[in-house]
Amino acid sequence: MKCLYYPGCSQKSTSLSYERSFLAIARFLNIEVEELEDWNCCGTTAIISLNKHLACSVAARNLALAESRNLPLVTPCPSCYISLHRVNLIFQKDPELAAQINRHLGRGGLVYMGTVKVYHLLEYLMKMVSLEKIRSRICYPLRNRRVAPYYGCQITRPYSGGDDLNNPRYLDQLIEALGGEPVDFALKSQCCGGALMITRQNVAAEMCHKILDDIRFAGADLIVTPCGLCQYNLQSAAGRRRSRSAPDKNPPILNLAQLIELTFDLRNQDAYLKKIHPRLHKDKNISQGGSHV
Amino acid sequence: MNSTLEKKIVVDESLDNHFLRTIANTPEGERILSCLQCGTCSATCPLSGILEYTPRHLFALIRAGQKSTVLSSNTIWICSSCYQCIVDCPAQIKITDIMYRLKRMSMDTRLATRKVDIRRFYHLFEKSVVKYGRSHELGLITRYLLLRHPLQMLKQLPLGIKMILNGYLKIFPHKIRDLTSFRRMAHSALKSKEETP
């Protein structure tokens, strides 16, 4: 099994741990990962707010580069996924704009035909890799740990790949497969504030706290999210509150790949939990007596 | 009495009776005419509390032709593009995409509000991408916070240094290999305006 990997800018910086864990679980699952050669920024919500042509062109350049490889393009970043997917929709529905995008691409010596299939990592794991295969690699199941599936906003929305828009299920199913108990909570696909964490920090932090409160109320031991930015935002909001009043009250916040890696590899499990949550490390319950399958 | 009359004339002058039509003719706004004014968007928006006009109110203003009020509101810039309203809208209006469109229109017409500096962040982001091919987070955040929120910058400093030491923020930007042709493409895209119907 082989896939083309589009990291997106944040996977190389703020979400570095997401990339590391993704590459690790890919090795366990025998997925050959080829990073897209010379990829560029997808444009995200910033550029489409200023210039549609530029936003679509920068996203389309990646697709044009990927086209000749004839492999599914996988990205762990929901925002990159939406940006790339949007271009595919334009190529299906708006030939006029598609032609203009190709004109811009042509200035850089590229052309896009609209044939690349883009997956978000979660969708790729559910549809192409399958839960059975993931299950077969688990050495240290989560053993009834209560895990809160925080979907975040963008991957559950109108362009989501096959999951239920109003009541997403993919993460819940994955948590079950990993041996954990998915916790239901109301704000599981509420927005964390996204880039407002930089431009309107108090607003975004308040949005994150609402989500964290809801998760604590539901009684979760771990939080997992398929989005690197959500993970960063929740972590920094949790950090803020922790320093003020209630220490260690928030459960550790993992990304999708980290959670899977936890169940695959014990060495990493220890290291992670120690780093993410010193207190949880002492409480060795996380995969109590995990047995090799 | 006189002043009320004057005010009315000013408001009338600023009306654009074709504004709704204009939006309806864009690819994003194709379903805007079927808006029921039901308010689901406003109820579902996680940011309604800090918006000048909630989405429902904004759509009512568009209908009323209040172009300058709409394009200079903070609503369009605060929208965090979470797409919840699109999922919930019973008329399947692509609200988030219309917000993007309104942002671009507010830039083109120079009506964008100066009270919200989010667009400055977007501009810095765009610059960074055109320059390097990828966004350089450290440079971007430093530049934005230094210029706009120096106090917040100071508060974030310890976290920033920790992230740099752990490799989570790169000091130097990564440039893509084929930057020349990338920039040629970007400048071609920057020059062409999307058509306004």
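**Exercise 1. In what order do the elements of chain B run from the N terminus on?**

Solution. From the N terminus on, the order in chain B is α-α-α-α-α-α-α-α-α-α-α-α. The count agrees with this reading, with 12 helices and zero strands in chain B, where helices (H or I, at least four residues) and strands (E, at least two) are DSSP runs numbered from the N terminus. Along its principal axes, the C-alpha trace of chain B spans about 65 × 40 × 40 Å.

Two remarks on conventions apply throughout. This is a predicted model, in which local features need pLDDT of at least 70 and side-chain atom pairs count only at pLDDT 80 or more, while totals for chains, interfaces and linings use all residues. Residues are numbered from 1 along each chain as its sequence is written, chains are lettered from A and ligands numbered from 1 in the order in which they are written, and side-chain values use heavy atoms, with hydrogens and water left out.

**Exercise 2. Describe the sheet of chain A that contains β1, and place the helices that pack on it.**

Solution. Begin with the strand order: this open sheet of four strands reads β2-β1-β3-β4 in chain A, with parallel pairing, and two strands are taken to pair if DSSP finds at least two bridges between them. At the edges are β2 (32–35) and β4 (118–120) of chain A, each of which pairs on one side only. From one strand to the next, the twist averages 40°.

Next, take one pair in detail: β1 (residues 2–5) and β3 (residues 73–75) of chain A are joined in the parallel sense over two bridges, and A:Y5 has A:V74 in β3(A) as its bridge partner.

Finally, add the helices, with contact meaning heavy atoms within 4.5 Å, and with axes as lines fitted to C-alpha atoms (for helices over the stretch in contact) and angles running from 0 to 180 degrees between N-to-C directions. Helix α1 (residues 16–28) of chain A touches β1, β2 and β4 of chain A, and its direction makes about 140° with that of β2(A). Helix α6 (residues 121–129) of chain A touches β1, β3 and β4 of chain A, with its direction at about 100° to that of β4(A).

**Exercise 3. Describe the sheet of chain A that contains β5.**

Solution. The order of this open sheet of four strands is β6-β5-β7-β8 in chain A, again with parallel pairing. β6 (181–182) and β8 (253–255) of chain A stand at the edges with a single partner strand each, so one side of each is left without a neighbour in the sheet. Strands β5 (residues 146–149) and β7 (residues 222–225) of chain A run parallel and are joined by three bridges, and A:V147 stands opposite A:L222 in β7(A). Helix α12 (residues 256–264) of chain A lies across β5, β7 and β8 of chain A, at about 90° to β8(A).

**Exercise 4. Classify the packing of α3(A) against α5(A) and against α4(A).**

Solution. Consider α5(A) to start with: the axes of α3 (residues 52–67) and α5 (residues 95–107) of chain A come within 9 Å and cross at roughly 70°. α3(A) and α5(A) are therefore roughly perpendicular to each other, on a scale where angles under 35 degrees count as roughly parallel, over 145 as roughly antiparallel, 65 to 115 as roughly perpendicular and the rest as oblique. The residues of this contact divide into six nonpolar, four polar and two charged, where Ala, Val, Leu, Ile, Met, Phe, Trp, Tyr, Cys and Pro count as nonpolar, Asp, Glu, Lys and Arg as charged, and the others, Gly among them, as polar.

Turn now to α4(A): α3(A) and α4(A) pack at an angle of about 90°, with their axes 9 Å apart, and are therefore roughly perpendicular to each other. Here A:C56, A:A59, A:A60, A:N62 and A:L63 in α3(A) meet A:S83, A:L84, A:V87, A:N88 and A:I90 in α4(A), a contact of seven nonpolar, three polar and no charged residues.

**Exercise 5. Characterise the lining of the second largest pocket.**

Solution. On a 1 Å grid over the protein atoms alone, a pocket is an open set of points with protein on both sides within 12 Å along at least five of seven lines, a cavity is a set where a 1.4 Å probe fits but cannot get out, and lining residues have an atom within 4 Å of a point. The volume of the second largest pocket is about 490 Å³, a volume being the space filled by probe spheres set on the points, which are joined across faces, edges and corners. Its lining has 20 residues, of which A:L89, A:Y159, B:P27, B:K94 and B:D97 lie nearest the centre. The lining divides into 11 nonpolar, no polar and nine charged residues, and α4(A) gives the most to it, with four.
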